[in-house]
Amino acid sequence: MRKKIMSGIIVLFVLILIGGGAFFLLPKVREETASSRNVKYTLEQLYSQNGHFYVYFNREDCPYCDNVKTDIEELAGNEKVIMVDTELLKGTQNYDWDAHEAKYDVEIGEKTDGGEIEFYDGKTEKDIKQLYPPLNYKILWVNKRYAELHEGKEFGKVYAVYTHPVLEKDDLKKDNLIIPAVPILVEFNDHEVINYFFDDKEIIGHLNSNTKPLDSYWNLD
């Protein structure tokens, strides 16, 4: 009888331990699932993946990342998507946005003394939108603050700002991966990058989503 009681106590003690372990482990599992964007990867691990997949580079406290969060989660339901917080990833290179602006941004007009926007060569807003499509550009009137922060931009002028980073094939290799900023959705196939979609509006466009980009196309105030 005493043996049965002792066996029962041991079984009860084991069950309590298991239950307690589950109690402490469950929040951890939930936390890891909820923060999947913070999984730590190395470039070697990313480039060693076989087949077709996406890598979604993002970081915490990024409003543009938050704007496409639901879209990325939906994509992950149909495709293989690896989510990587760039702050946890070592070995990536920076993009030269100053050189990019000097090469690709185009002066297209100015604001008159009467406060009206006047595009050069008599172009209309419709012409501008066709020449500089919203997926890769924004149309910007330069105020004094913007002119101070961006060399080559003249106060009062209007520019077609090319928001899409220009990356060559060599810029997308494991030993020289350039991450211009986040969010960026990079498409891989058998260890190589085959495409990339930068910022929320390009990701939205690629996924044919109804989500609205945070930034407006016309910035003329």
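Start your selection at aspartate 199, which sits in helix α8. Helices here are DSSP runs of H or I of at least four residues, strands are runs of E of at least two, and both are numbered from the N terminus. Before going on, keep in mind that this is a predicted model, where local features need pLDDT of at least 70, side-chain atom pairs count only at pLDDT 80 or more, and totals for chains, interfaces and linings use all residues. Residue numbers run from 1 along each chain as its sequence is written, and side-chain values use heavy atoms, with hydrogens and water left out.

**Stop 1: aspartate 199 and its helix**

Check the backbone of aspartate 199: phi is near 60°, a positive value in a residue other than glycine. Most residues other than glycine have a negative phi. Aspartate 199 counts as buried because its relative accessibility is 11%; the cut-offs are under 20% relative accessible area for buried, over 50% for exposed, and partly exposed in between, with a 1.4 Å probe and protein chains only.

Now select all of α8 (199-206). Six of its eight residues are buried, so α8 is largely enclosed by the rest of the structure. The buried ones are Asp199, Asp200, Lys201, Glu202, Ile203 and Ile204. Show the surroundings and you'll find that their cover includes β1, α3, α4, β5, β7 and β8. Contact, here and below, means heavy atoms within 4.5 Å.

Walk past the end of α8 to asparagine 208, another residue with positive phi, near 55°. Asparagine 208 lies in the loop between α8 and β9 (218-219). Buried or exposed? With 67% relative accessibility, asparagine 208 counts as exposed.

**Stop 2: the largest pocket**

Bring up the surface around Trp97, Thr163, Phe198, Asp199 and Asp215, which lie nearest the centre of the largest pocket among its 31 lining residues. The definition, for your own grid: 1 Å spacing over the protein atoms alone, with a pocket being an open set of points where a 1.4 Å probe fits and protein lies on both sides within 12 Å along at least five of seven lines; lining residues have an atom within 4 Å of a point. The volume is about 720 Å³, taken as the space filled by probe spheres set on the points, which are joined across faces, edges and corners.

To see the walls, color α5 (97-104), β5 (137-141), β6 (157-162) and α8, each of which supplies at least two lining residues. By type, the lining divides into 16 nonpolar, eight polar and seven charged residues.

**Stop 3: helix α4**

Next, select residues 69-76, helix α4, and pick out its buried residues: Asp71, Ile72 and Leu75. They sit on the same side of α4 because they cover an arc of only 100° around the axis, counted from the directions from the helix axis to the C-beta atoms. Their packing partners are β1 (52-58), α3 (63-67), β2 (81-85), β7 (184-189) and α8.

Glutamate 73 is in α4 too, but counts as partly exposed because its relative accessibility is 45%. Draw a C-alpha to C-alpha distance from glutamate 73 to methionine 83: you should get 9.9 Å, for a pair 10 residues apart in sequence.

**Stop 4: the nonpolar cores**

Ile72 brings you into the largest nonpolar core, where it is one of the residues with the most contacts, along with Leu46, Val55, Tyr56, Phe57 and Leu185. This core has 35 residues; a core is a set of buried Ala, Val, Leu, Ile, Met, Phe, Trp, Tyr and Cys residues joined through side-chain atoms within 4.5 Å. Two or more residues each come from α2 (43-47), β1, α4, β2, β7, β8 (192-198) and α8, with the largest share, five residues, from β1.

Center on valine 55. Which residues does valine 55 touch, leaving aside those up to four places away in sequence? Leu46, Ile82, Val84, Ile184, Leu185, Val186 and Phe188. Apart from this core lies another, of 12 residues, including Ile139, Trp141, Tyr162 and Tyr217.

**Stop 5: two loops**

In the loop between β6 and β7, find proline 183. The peptide bond from valine 182 to proline 183 is cis, with omega near 0°.

Finish at lysine 90, in the loop between β2 and α5. Lysine 90 is exposed, with a relative accessible area of 69%. Threonine 42 is 48 residues from lysine 90 in sequence and 6.9 Å from it in space, C-alpha to C-alpha.

Key:
Ala, Val, Leu, Ile, Met, Phe, Trp, Tyr, Cys and Pro count as nonpolar, Asp, Glu, Lys and Arg as charged, and the others, Gly among them, as polar.
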